[in-house]
Amino acid sequence: MSKTDIVNEQLNQLRQRFNDFETTLNGSKGPIHNTRKAAIAHFLKLGFPTSKNEEYKYTDLSRKVGRLIDFSSPADVDQVKPDDLKHGAINELDAYELVFVNGHFNPDLSNFTPEAGLTVSDFNAALLSDSGLIKEHFNKYAPYENDELIALNTGFSANGSVIKVDKNHRVAKPIVLRYMNDVRIGQAHSFPRNLIIAEESCEAAVIEVYNELGENISFTNEVTEIVIAQNAKIDHYKLQLNNQHAFYAGTTQVRQAGSSRYSNYTFTSGGSMVRNNLNVDQTGEGCETHMYGLYLLSGASHVDNHTTVDHQKPDSFSNELYKGILDDKSRGIFNGKIYVRSEAQKTNAFQSNK
């Protein structure tokens, strides 16, 4: 089978998956479904990014994912038991925890007690109970036209988390989002979509954990949109504890208002191919952004960290520090861009990758 035939077969699989996905909505497609349809059409027209795309010239997802991932049938999501959560757990951490298996929220494995000033739910439940919130923010900061992988995720957006922290509230515990692919029997693929809304002068810590059970191939395509209001503070951790057969492509899009602070910590310890897009728009005066990355790789692992900070207003600050340790035939890539607009006087921006 030629490369073109393989690509066409995979696109046909995804086209059929979207048709099947629509049937699960039972006629209640909600206010964002037209965006889903436009996004999947956009992706099917372009396909996975290749090395001809300047932003992906060192990470040819089309070649790898196109050859290895079977999108024709999703894996079973009912086989994970509480003891399985020990794999990838953060020991002795007192936290609110939402667990997703192959992208689907599992309330039986989750541990969350509502706290005044904090709203946390899975994406599908939030869409049914408070569709106005999602409609207001969905696809506004990470529009599907910007990237083929965002388009693919937007097309299948139904699972993930919605977190809203009220004005002046400080969340008592970290919020942990566990995304586990069960690949003990066969392949799995998932499309988590997260929306985090931090209102004025609030504080919260969010931890995303990605790992697998089993040694078969998995593919995760994740998008997180974060909106941080005036004087709010968000600490955001991403732990990628993937096996050597896992493919991960994620985009975190952050919008900061004046005097807000956002800190991101991305730790990658495995994965066949990992692509992290981290984009921060500082839209107000006095914003502060910290971006830290650590990748510890062996075997044939490949990690590609792409970052962008857009300083749009005066008196802003950003600091990026990425470090990697590479063994065997593993490969680490870093590409960081810093924009300082003409209005953004008195900006300090630092960047280092070693």
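In the predicted model, the second largest cavity has a volume of about 30 Å³. Its lining is formed by Tyr179, Met180, Asn181, Ser190, Tyr210, Asn211, Glu212, Thr220 and Asn242, and at least two of the lining residues are supplied by each of strand 5 (175-182) and strand 8 (203-213). Divided by class, the residues that line the second largest cavity are three nonpolar, five polar and one charged.

Two cavities of 30 Å³ or more were counted in the structure, and the largest cavity encloses about 90 Å³ of space. The lining of the largest cavity comprises 14 residues, with Lys238, Thr266, Asn276, Asn277 and Leu278 lying nearest its centre. Two or more lining residues are contributed by each of strand 11 (246-256), strand 12 (261-268), strand 13 (273-282) and strand 15 (302-311), and strand 11 provides the largest share, namely four residues. In terms of residue class, the lining of the largest cavity consists of ten polar, three nonpolar and one charged residues.

Turning to charged side chains, the structure contains 16 salt bridges. One of them pairs lysine 173 with aspartate 94 at an N to O distance of 3.3 Å. Because lysine 173 belongs to the loop between strand 4 (160-165) and strand 5, whereas aspartate 94 belongs to the loop between helix 3 (61-68) and strand 1 (96-101), this pair ties together parts that are 79 residues apart in sequence. The partners were also assigned to accessibility classes: lysine 173 is partly exposed, with a relative accessible area of 27%, while aspartate 94, at 51%, is exposed.

A further salt bridge is formed by lysine 164 and glutamate 199, whose closest N and O atoms are 3.1 Å apart. Lysine 164 is located in strand 4 and glutamate 199 in the loop between strand 7 (193-198) and strand 8, so the pair links parts that are 35 residues apart in sequence. Glutamate 199 is partly exposed, its relative accessible area being 27%.

Lysine 313 and glutamate 343 likewise meet through their side chains in a salt bridge, with an N to O distance of 3.0 Å. Since lysine 313 is found in the loop between strand 15 and strand 16 (317-326), and glutamate 343 in the loop between strand 17 (331-340) and strand 18 (348-353), this salt bridge ties together parts that are 30 residues apart in sequence. Lysine 313 counts as partly exposed at 26% relative accessibility, and glutamate 343 is also partly exposed, with a relative accessible area of 44%. In addition, Asp84, Asp182 and Arg184 are joined into one network by salt bridges that share partners.

Glutamate 115, placed in the loop between strand 2 (104-105) and strand 3 (118-122), is buried and yet has no salt bridge. The nearest side chain of opposite charge to glutamate 115 is that of lysine 173, at 7.2 Å; because a salt bridge requires the nitrogen and the carboxyl oxygen to lie within 4 Å, this separation leaves glutamate 115 and lysine 173 unpaired. The side chain of glutamate 115 instead makes a polar contact of 2.5 Å with the side chain of histidine 169, whereas lysine 173 has its salt bridge with aspartate 94.

Notes. Residues numbered from 1 in each chain as written. Predicted model: local features only at pLDDT ≥ 70, side-chain atom pairs only at ≥ 80, totals over all residues. Heavy atoms only, no water. 1 Å grid on protein atoms, 1.4 Å probe; cavity = no way out; pocket = protein on both sides within 12 Å on 5 of 7 lines; lining within 4 Å. Points joined across faces, edges and corners; volume = space filled by probe spheres on them. Nonpolar A, V, L, I, M, F, W, Y, C, P; charged D, E, K, R; others polar. Buried < 20%, exposed > 50% of the residue type's maximum accessible area, 1.4 Å probe, protein only. Lys, Arg positive; Asp, Glu negative; His and termini not counted. Polar contact = N/O pair within 3.5 Å; in protein donor to acceptor, adjacent residues only side chain to side chain.
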